[in-house]
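Here are some friendly notes to read alongside the model. They go from the overall picture to single sites.

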Amino acid sequence: MHCSPVQHKVSCSELICKFGVFPFQSSCDKDVILNILSVLTDLLSLGTGRRIHYVVSKGGSEALLQALATAAQTEPPDHGTLLPLLRLLARVGQRDRKFGLKVQKAEATDIILSLTRRHLGHHLHLTHCLWVLRVCASNVTTGTMLGINGAMELLFKVITPYSKRHVRTVRAAIGALAALLKSKSNSRRAVNRGYLGELLRLYQDWHRNDVSNNYIYIRRGLLLCLKYITNIQLGRETFLGSRGMEILFTSVQECLSCKNLDPIITTATHILRKCYPKEHLPVVTVRSSYSFPLPGNANAEPPYEGSEGDSESEGEEEDEKDWANEDVESKEEDCDLETDVNKLRSRPVLDRSEQELEKYEALCAELFQNFQSEEKKSLEDRTESLPSAPSHFIPSATSVKHPNCRWRNQSVTEMGPDPGEQDLKVPLQSWRKKEECIWDKNDENRDIAEKAQDKDFCEEEDPARNHVFALCSLLKDAAWYKKVFYPHCEASINPSPEGRLESSDMVGNLLEKHQGDIPFHSPCFYAARAKCVKSIPGYRELAFPDFWGHQPPPYSKPVLDRKHGLQRDKVLDDVRRLIQPGDVIGRTVFDLDDPSPAAPGCLTFFSKFESGNLRKAIQVREFEYDLIMNADVNSSQHHQWFYFEVCDMKSAVPYRFNIINCEKLNSQFNYGMQLVLYSVREALQGRPRWTRAGQEICYYKNHYRCRSAAAGGGGRRRFYYTLTFSIKFPHKDDVCYLAYHYPYTYSTMMSHLDILEQNRNPKKVYWRQQTLCQTLGGNPCPLLTITAMPESKTRDDLEQFCNRPYVFLTARVHPGESNASWVMKGTLEFLVSSDPIAELLRKCFIFKIVPMLNPDGVINGNLRCSLSGDDLNRQWLTPSSQLHPTIYHAKGLLYYLSSIGRAPLVFCDYHGHSQKKNVFLYGCSIKETLWQAGCMVDTAVVTEDVGYRTLPKILDKVAPAFVMNSCSFLVEKSRASTARVVVWKEMGVLRSYTMESTYCSCSHGLYRVTHPYGLQLGTQELEEMGSKFCLGLLILHLKSLPCSKELMAQAALLLDLEEEITDRAQRLYECCIQRALLWEWSWWGMFWV
Ligand SMILES: [Zn+2]
């Protein structure tokens, strides 16, 4: 056994093997034992963890423990054997996950304790014992036993009073104490014996005396003891009672300037945050300020009832890294997979009678169209027109924003003047093809409002609701308004008794003074549509950005770089409220439940407009506000979306805002996403745009808790999270709007549809807008049918028209996902455009589109639900015609199409994903689901068409924001009632998808590579995604469906193909991709004009 170190290496595994069977632990031969210990020590100190694991697997821990028992019995103690033995035990024990258990089995706890006790006076030996004590305590049961037997008392003798002598021993003792305190019973014992206060005093002593920061480990060790002890409620209460908050807060303040004290600051902040007294949200009730009486006896979420008691359990353990739990989620997702093949394959029975389906025939008029009369009607249509919308579509985000491709290498300041601004403004007239400008100019001045009144959906309007809208704030603040709009004539804004003339005058004047020239937007149309909207609060005001319109800025902003320690700083700032209450103003300055005039000298808030949802604003300090968002109607949860107006600000001062009732576990706000801001002054100076804004953004769990388990839905949702950001407003006394993401209201959509209808070419575009149904709130949910007009009235052409496969698209079932609407906007504009690709596409498909499945939710500022308080995308299995009419009828229409053999080729529901980057699809695959779940797949039994992969593969190539790698085709149990799964399973639609768009940025592709951190997506990129989705559909058609020679020829011509195509689909596909890529970089017009 005497070997040199080299030999050790060579024969190590051999030695270890022998070690496992060699009964050295019982050997009485001291020399043999010493030799083995020295060999082992060398072996294990040289090798990696794998050697230790090997020793452990061969029974090493047990052998060493037994050897210890033997050695401890010898009198006087033989330190020559004991010390290496203890060292080895500490080392092996650290790696052995069952070490504590083995200690118990070997009944070694008492041995170790008595060894420790015996060596109290000998620091080298004591240190060794403490190391072993620490690894023993890694098992909670063993730790508890050690605690019962007086281990903590022993350790306190070592660490108190404060002394810098024997720091190695003190450090080992603190380490062992921290390990012991992981046991709740030990923590309780420690608190009861007054150790918590002693730990605090000791921590203060070390903090005060360690001026040159030589003992960071000891200080952090003490903090770890406090961290574990405060995992129990008694610990937290005692900590508060012992002025723990003040002590730690003050010490942290003194550490902040020193960067290598990070471990101390982080642990102390963690304790401060955990011990901060829990509070309920400062609102009367967490239920929404808005409630809606449901039809019939249906009950939404039961009203809050329950005790005010703290439902929080003892030992609330919080993760130090609150926003790094993605692994946990993906594991949970795997458990959620549907693994029952029969369930995956079964087709359930119809959820309604066949006769009932027949009524959907009316929504498919294209199948029974008489084009004789239609042609006449469409000619009449043309006489109505809009002055300010281009009829030509813009194919790519980059091209419209940067017609001459300057932007990539040109830096543009955020709020300052844009040097290229003038060049970028393309006069709308030039976008329009001459042949299409054939409408009657005389009709242009027709009163828009009057026209809107003609519309069918306005006829049944409740006269009481026929109010006149005002623009928020602009009228409230007459002085500001005068200055901006009436520099000469102050008299003209004297308020009239009704206020009616005044506001329409103002809108008129605004429009006269500031040319609205935003493509596909008309303030007049918006106002007319907004007038017909039925909202629960009865909105009387319009948010300026929705009314005036938004134009994407000529630059994209990169993802925000996150400052080191930002979250910690913000948490400390929150803790300061408790420590220095004198600083806190705590004044409610806006309250939806209790409207009172705004307080002077602070910001003024407002959000009673479409999609607005601010409930309460509390001024915390001069430039800091806590904000609470309203819950979804008839619900007490779902807070994440926000949209509100703020005015009376100072310029160049950073204001801090905290939205304190967010609910999601994590947010892209922790990964560089910014919110969006719209400045009215900027808009009136020619920059009407939502821009990414906000600095020092982070998202973390706060000290607010749900009032009851019922309110929080139990389990994971007991906590609230804070989104904090600071904003420097661009102008003094401006009116600004802040939102989670680019807003897109119901009225925006309705007026957009008006414009599209007006501007389509009726000779080519078949467009039909119907009402799918009325919503619970009494708003029409539009259904669009878009395809190409038949080439001629010949039988062949009419037949081709009728037989085009269907594509069924829906969006915005979740109101907070406004990005889905921008993508849909891109799809719609492309579909009705005169783009040759769009023309071809219309000849290939009949599009059925429900652009907003949840109008009520969008209108009333909800995040996720409809007025019934239900998530509509969990109702597809058995939608109620009363409670979920839009889902009930969308499903009915799909069933109808399916019943006449015309189930859509593609179904896609547009969504936004709050946690992920990129745009991607969720699809459905039996095989992939089974594989992922680890089930055996019998390929003979389970057959599957892999065609569901084609469209995402195409999109990956043609759409810069789309990433195939982010797609998933798994069928989760929890998603069984979503549109995607139900349409796939019940209608047998192979290509049934959810399209998720990020709110933030891309991790791959064009929008990633152009900047080291990636660019935050703007509306233009989202709209582009919508148009590229259409292109993807065309390629899908060419690849997978039989098409006529004529169509192929057209496609070939369009996509620059030569006549002789051998592998037509492949070649065409590649060509499409090439062209698609070219579009990214070139001025779109070159191709078409
Ligand atoms: Zn969604």
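Helices (H or I, at least four residues) and strands (E, at least two) are DSSP runs, numbered from the N terminus. This is a predicted model, in which local features need pLDDT of at least 70 and side-chain atom pairs count only at pLDDT 80 or more, while totals for chains, interfaces and linings use all residues. Residues are numbered from 1 along each chain as its sequence is written, and side-chain values use heavy atoms, with hydrogens and water left out.

1. Overall picture. The protein has 48 helices and 21 strands. Of its 1089 residues, 59% count as buried, where buried means under 20% relative accessible area, exposed over 50%, and partly exposed in between (1.4 Å probe, protein chains only). About 44300 Å² of the protein is exposed, and carbon and sulfur atoms supply 51% of that area; accessible areas come from the Shrake-Rupley method with a 1.4 Å probe, and for residues only the protein chains shown count as cover. Taking contacts (heavy atoms within 4.5 Å) between residues at least 6 apart in sequence, 79% join residues at least 24 apart.

2. The zinc site. Which atoms coordinate the zinc ion? They are ND1 of His814, two OE atoms of Glu817 and ND1 of His911, at 2.1 to 2.3 Å. Donors here are N, O and S atoms within 2.8 Å of the metal (3.2 Å for Na, K and Ca), and water is not among the atoms, so sites may look incomplete. The spacing of the donor residues in sequence is H-x2-E-x93-H. His814 sits in the loop between β17 (806-811) and α37 (818-831), and His911 in strand β19 (residues 906-913), so the pair links distant parts of the chain, 97 residues apart. Both His814 and His911 are buried.

3. Geometry at the zinc. The arrangement is irregular because the 4 donor atoms around the zinc ion subtend angles of 58 to 147°. For reference, four donors count as tetrahedral if all angles lie between 85 and 135 degrees; four count as square planar and six as octahedral if opposite donors are over 155 degrees apart and all others between 65 and 115; anything else is irregular.

4. The annotated glutamate. UniProt, in an unreviewed entry, places the feature "active site" at Glu996; UniProt positions are given in the numbering used here, feature names are shortened, and annotations may be inferred rather than shown by experiment. Glu996 belongs to strand β21 (residues 991-998) and is buried, with a relative accessible area of 9%. Leaving out residues up to four places away in sequence, Glu996 touches the zinc donor residue His911, along with Gly912, His913, Asn918, Val919, Phe920 and Tyr922. A polar atom of the Glu996 side chain lies 3.4 Å from the backbone nitrogen of His913. That is a polar contact, meaning a pair of N or O atoms within 3.5 Å; within protein, one must be able to donate a hydrogen and the other to accept it, and residues adjacent in sequence count only if both atoms are side-chain atoms.

5. Backbone points to check. Most residues other than glycine have a negative phi, and most peptide bonds are trans. The peptide bond from Thr160 to Pro161 is cis, with omega near -10°, and Pro161 lies in the loop between α11 (151-159) and α12 (167-180). His166 is also placed in the loop between α11 and α12; its phi is positive, near 55°, and at 36% relative accessibility His166 is partly exposed. Arg243 has a positive phi too, near 60°. Arg243 is in the loop between α16 (233-241) and α17 (244-255) and is partly exposed at 49% relative accessibility.

6. Two buried polar residues. Asn702, in strand β12 (residues 695-705), is buried at 8% relative accessibility. Its side chain reaches the backbone oxygen of Ile660 at 2.9 Å. Thr745 is in the loop between β14 (735-739) and α35 (746-759), and is buried with a relative accessible area of 0%. The side chains of Thr745 and Thr748 are joined by a polar contact of 2.7 Å. Beyond four places in sequence, the contacts of Thr745 include Tyr526, Asp546 and Glu610.

7. A buried loop leucine. Leu872 lies in the loop between α39 (855-859) and α40 (885-899) and is buried at 3% relative accessibility. Among its contacts beyond four places in sequence are Val813, Leu853 and Ile887.
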